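Subject: Structure handover

Hello,

Here is the structure I promised to pass on. Please open it first, then read my notes below.

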Amino acid sequence: MSEPKSPVTSRRRFLANTTHVAGASALAGIALPHVHAAGTDTIQIALVGCGGRGTGAAVNALSVTNGPVKLVAMADVIPAKLNSSYDKLKTQFAGLVDVPPERRFLGYDAFRQAMDSMKAGDVVILGTPPAFRWVQFTHAIDKGLHCFMEKPVTVDGPTTRRMLALGEQATKKNLKVGVGLMVRHCRARQELHKRIQAGEIGDIIAMRGYRMGQGGGTCGPRPDGVSELQHQIQHFHAFLWASGGVFSDYYIHQIDECSWMKNSWPVEAHAMGGRHYRGNSVDQNLDSYHVEYVYADGSRLYFDGRNMKGCRDEFASYAHGSKGSAVISTLSHAPGMTRIYKGQNIPRVLSRKDLPLAADPNLVWSFPQPEKSPYQWEWDDLTDAIRQDKPYNEVKRGAEASLVASMGRMAAHTGQIITFDQMLNCPHEFAPNVDKLTLDGPPPILAGPDGKYAIPEPGIKTDREY
Ligand SMILES: NC(=O)c1ccc[n+]([C@@H]2O[C@H](COP(=O)([O-])OP(=O)(O)OC[C@H]3O[C@@H](n4cnc5c(N)ncnc54)[C@H](O)[C@@H]3O)[C@@H](O)[C@H]2O)c1
């Protein structure tokens, strides 16, 4: 799998200026992981962030068939989340879940306690909201733990610079790190990528991506008895500091998969959006986004995101080349159902009712169905790399994909053209105190007297998003 070329030219200067990675840097070389004998040693896993995806990642981890795996520690800030995840995993994988009460940790320091209960060479899953990624990854590196972290891995410029530096620290310690851009592990997308590189659709001139659904990222007023921080964490898609909002959290996959097919990251973004139907939601998102991403050769990715009831949904990505066209995603992330067409007429597939696809005289190639889930492939690949001691670190491309998502989001939120380098160098860190949060302490953003939070105002706030 080749990686998109990065237009980062001034990154090292910023890495040199970053201070938060000093701990990991000073500890580089200590707690080196031991190498797992292929197929024999048990890989021990800790789950940090026991919500929907963290639990799903644990299911995938415990389902690998390349050697024994065991879940031994769990951490969350909300007891009910940890308990329901534990119950689900224990029911599904009784013999593979060994997490007694003393290895179930709660609170904002729970991630540290869970990792401290592991030994170098074990694996930690980071399934918390993206804001916590760099904090928890720093500790994983210090402890010599391999890591699987969900996307996005950063939400703004400063955290991207920090994460890039941390990724380099992890490589120096021979840690294997997977990032939850699972589409990169989808065999159908890998085959399509190979065919596009071989010139089967000619030069890519334009790409289109659509993530248009009935809603997302809203957050009602805070109920009594719930702290402001806990309310924000529970609705992390609503708050830019926690997730980068729906833009970063939802759209990153398709922006990443298109850039992968193009083999480069866009150099600038020009975007717009509107906020009309948020009702009493206190979130910071817009209802709709349109972004024009520009690549160095002048080709474009047009991406539409919408969170609006009553409108036509679409969840797909396409590439148009000088000789033909291709479908990168159909109806969601999985199955891939990748296809290549002669010419530019790609039939719309708007619902499962349109499957199986009707015969099409322009269809040149399609990946055979059924397909194995990319969420499983990413764990097969990570555990294989750990067992075979292969180089494996997805942090750089995960951080750059997160940055490119932030670049489109900032362009929409400010109404300005934002370049890759401007985004990377942007000084606005949404939650500089995220490593110091406590259960009862203040959150990174406070509600105004009306209970609402600052929202983007394109054209008015032009150098920061809120
Ligand atoms: N790859 C994918 O397709 C995919 C799909 C869904 C979610 N995700 C990603 O997974 C991450 C989690 O999303 P989710 O849908 O599982 O959310 P979720 O709310 O279901 O789970 C997040 C969990 O983390 C816990 N948590 C929050 N802050 C914490 C902290 N500081 N320490 C410990 N625990 C903490 C929460 O209590 C919750 O249990 C996000 O980054 C999201 O983008 C990826």
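The notes below cover the domains, the ligand site, the core and one sheet.

Please keep in mind that this is a predicted model.

**Domains**

The protein chain splits into two parts: domain 1 (11-183 + 377-395) and domain 2 (184-371). Note that domain 1 is written as two segments. Over C-alpha atoms, the domain centres are 27 Å apart. The two domains do touch. On one side, 13 residues of domain 1 take part, and they are in contact with 19 residues of domain 2. The domain 1 side of this contact has 10 nonpolar residues and three charged ones, with no polar residues.

**Ligand site**

The ligand has 26 residues around it. G49, G51, R53, K81 and E150 are the closest. Sorted by class, the shell holds 13 nonpolar, seven polar and six charged residues. Which elements each supply at least two residues of the shell? They are α3 (52-62), β2 (69-76) and α5 (110-116). Helix α3 gives the most, with three residues.

**Core**

The largest nonpolar core contains 128 residues. The ones with the most contacts inside it are I45, A46, A114, V124, I125, C147 and A319. Helix α13 (residues 395-414) provides the largest share of this core, 10 residues. Both domains also feed in: domain 1 (11-183 + 377-395) and domain 2 (184-371) each contribute at least three residues.

Take a look at I45. What does I45 contact, leaving aside neighbours within four places in sequence? The list is A58, A61, V69, K70, L71, V72, D122, V123 and I125. I125 appears among the core residues with the most contacts too.

**Sheet**

There is an open sheet of nine strands with mixed pairing. The strand order is β14-β13-β12-β11-β7-β10-β9-β8-β15. At the edges sit β14 (363-366) and β15 (418-419), and each of these pairs on one side only. Strands of a sheet pair through backbone hydrogen bonds, either parallel or antiparallel. One pair to view is β12 (residues 324-330) with β13 (residues 339-342). These two strands run in the antiparallel sense, over four bridges. Within this pair, G324 has K342 of β13 as its bridge partner.

**Where to start**

I would begin at the ligand, with G49, G51, R53, K81 and E150 among the residues around it. Then go to I45 and its contacts, such as A58 and V69. Finish with the sheet, from β14 across to β15.

Best wishes

Notes. Residues numbered from 1 in each chain as written. Predicted model: local features only at pLDDT ≥ 70, side-chain atom pairs only at ≥ 80, totals over all residues. Near = placed C-beta within 6 Å. Nonpolar A, V, L, I, M, F, W, Y, C, P; charged D, E, K, R; others polar. Core = buried A, V, L, I, M, F, W, Y, C linked by C-beta atoms within 7 Å. Buried ≥ 20, exposed ≤ 12 C-beta atoms within 10 Å, placed from the backbone. Domains from an automatic or database assignment. Contact = placed C-beta atoms within 7 Å. Pairing = 2+ DSSP bridges.
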